[in-house]
Amino acid sequence: MVEVTVTPQSSLADRPVQIRVRGLSPSQLVTLRAWLKDEQGECFQSRAFFRADGAGEVDPELHAALGGSYSGVWPMGLLWFLQPDTLFRRLVKRDVAGSPFRVRLEVWDGLSLGTDPREQPLASCEAERWYVGPGVQRVPIREGRVRGALFLPP
């Protein structure tokens, strides 16, 4: 049975996570896809093609992506190379303290460039990417023409 995991499942957006796929056939060609919807409902996604090792595993920290949104060894590539489905959109988090981005990770058999709604991924999981840690206080700043926010640790 194929399994994809993200460790830790919930983390700050600037912290690295470990993405692992297990249960594949040795040398199986797969597509890893990451996607999320922003606060306006816009979809951002990335994908990378990998060949499983002899144990049937894919580890982006060790294995090079063969193509897709990026190529080479990029441990956080699936998260760093998220692109909008609609041109000229930017991934912006407005509610930094109230909710995380929920990133969906999927494993597809072979080279998958699109997602056919009738097909199902081999495995999937979800990761939370927070912008503010627990207990951090956000204080709005308004002084003359200066606008900003001060984030105070607990």
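A salt bridge is a side-chain nitrogen of Lys or Arg within 4 Å of a carboxyl oxygen of Asp or Glu. The exercises below use this rule on a predicted model, and each one is followed by a solution in steps.

**Exercise 1. Which side chain forms a salt bridge with Arg 89, and what does the pair tie together?**

Step 1. The partner of Arg 89 is Glu 42, and the closest N and O atoms of the two are 4.0 Å apart.

Step 2. Arg 89 lies in the loop between S7 and S8, while Glu 42 lies in the loop between S4 and S5, so the pair ties together parts that are 47 residues apart in sequence.

Step 3. To judge the surroundings of each partner, recall that buried means under 20% relative accessible area, exposed over 50%, and partly exposed in between. Arg 89 has 46% relative accessibility and therefore counts as partly exposed, whereas Glu 42, at 14%, counts as buried.

**Exercise 2. How many salt bridges does the rule give, and where do Arg 20 and Asp 59 lie?**

Step 1. The count comes to five salt bridges.

Step 2. One of them joins the side chains of Arg 20 and Asp 59, with a distance of 2.9 Å from N to O. This pair links distant parts of the chain, since Arg 20 is in strand S3 and Asp 59 is in the loop between strand S5 (43–51) and strand S6 (67–68), 39 residues apart.

Step 3. Both partners, Arg 20 and Asp 59, are buried.

**Exercise 3. Describe the salt bridge between Arg 102 and Glu 128, and decide for each residue whether it is buried or partly exposed.**

Step 1. The side chains of Arg 102 and Glu 128 meet at 2.5 Å, N to O. Here too distant parts of the chain are linked, with Arg 102 in strand S8 and Glu 128 in strand S9 (residues 123–130), 26 residues apart.

Step 2. Arg 102 has a relative accessibility of 42% and so counts as partly exposed, but Glu 128, with a relative accessible area of 16%, is buried.

Step 3. The general idea behind such pairs is that side chains of opposite charge can pair when their charged atoms come close.

**Exercise 4. Find what is unusual in the backbone at Pro 8, Ser 27 and Phe 88.**

Step 1. Begin with the general expectation, which is that most residues other than glycine have a negative phi, and that most peptide bonds are trans.

Step 2. The bond that joins Thr 7 and Pro 8 is a cis peptide bond, with omega at about -5 degrees. Pro 8 is found in the loop between strand S1 (3–7) and strand S2 (10–12).

Step 3. Ser 27 is not a glycine, although its phi is positive, at about 65 degrees. Ser 27 has its place in the loop between strand S3 (18–22) and strand S4 (29–37), and its relative accessible area of 43% makes it partly exposed.

Step 4. Phe 88 also has a positive phi, near 70 degrees, in a residue other than glycine. Phe 88 lies in the loop between strand S7 (83–84) and S8, and with 81% relative accessibility Phe 88 counts as exposed.

**Exercise 5. What lines the largest pocket, and which residues form the nonpolar patch on the surface?**

Step 1. The largest pocket has a volume of about 180 Å³. Its lining consists of 14 residues, of which Ala 13, Leu 79, Trp 80, Arg 129 and Tyr 131 lie nearest the centre.

Step 2. Sorted by class, the lining has 11 nonpolar residues, three charged ones and no polar ones. Helix H1 (77–80) and strand S8 (101–109) each supply at least two of the lining residues.

Step 3. The nonpolar patch is formed by Ile 141, Val 146, Leu 150 and Leu 152, which together have about 300 Å² of accessible area. Strand S11 (residues 146–152) gives the most to this patch, with three residues.

Step 4. Leu 150 lies in strand S11, and since its relative accessibility is 39%, Leu 150 counts as partly exposed.

**Exercise 6. How many helices and strands does the chain have, and in what pattern do they follow one another?**

Step 1. The chain has one helix and 11 strands, and read along the sequence they give the pattern β-β-β-β-β-β-α-β-β-β-β-β.

Step 2. The C-alpha trace spans about 60 × 35 × 25 Å along its principal axes, and of the 154 residues in the chain, 39% are buried.

Methods. Residues numbered from 1 in each chain as written. Predicted model: local features only at pLDDT ≥ 70, side-chain atom pairs only at ≥ 80, totals over all residues. Heavy atoms only, no water. 1 Å grid on protein atoms, 1.4 Å probe; cavity = no way out; pocket = protein on both sides within 12 Å on 5 of 7 lines; lining within 4 Å. Points joined across faces, edges and corners; volume = space filled by probe spheres on them. Helix = DSSP H or I, 4+ residues; strand = E, 2+ residues; numbered from the N terminus. Nonpolar A, V, L, I, M, F, W, Y, C, P; charged D, E, K, R; others polar. Patch = residues over 30% accessible without salt bridge, like charges linked within 9 Å, V, L, I, M, F, W, Y side chains within 5 Å. Areas by Shrake-Rupley, 256 points an atom, 1.4 Å probe, with all protein chains shown as cover. Buried < 20%, exposed > 50% of the residue type's maximum accessible area, 1.4 Å probe, protein only.
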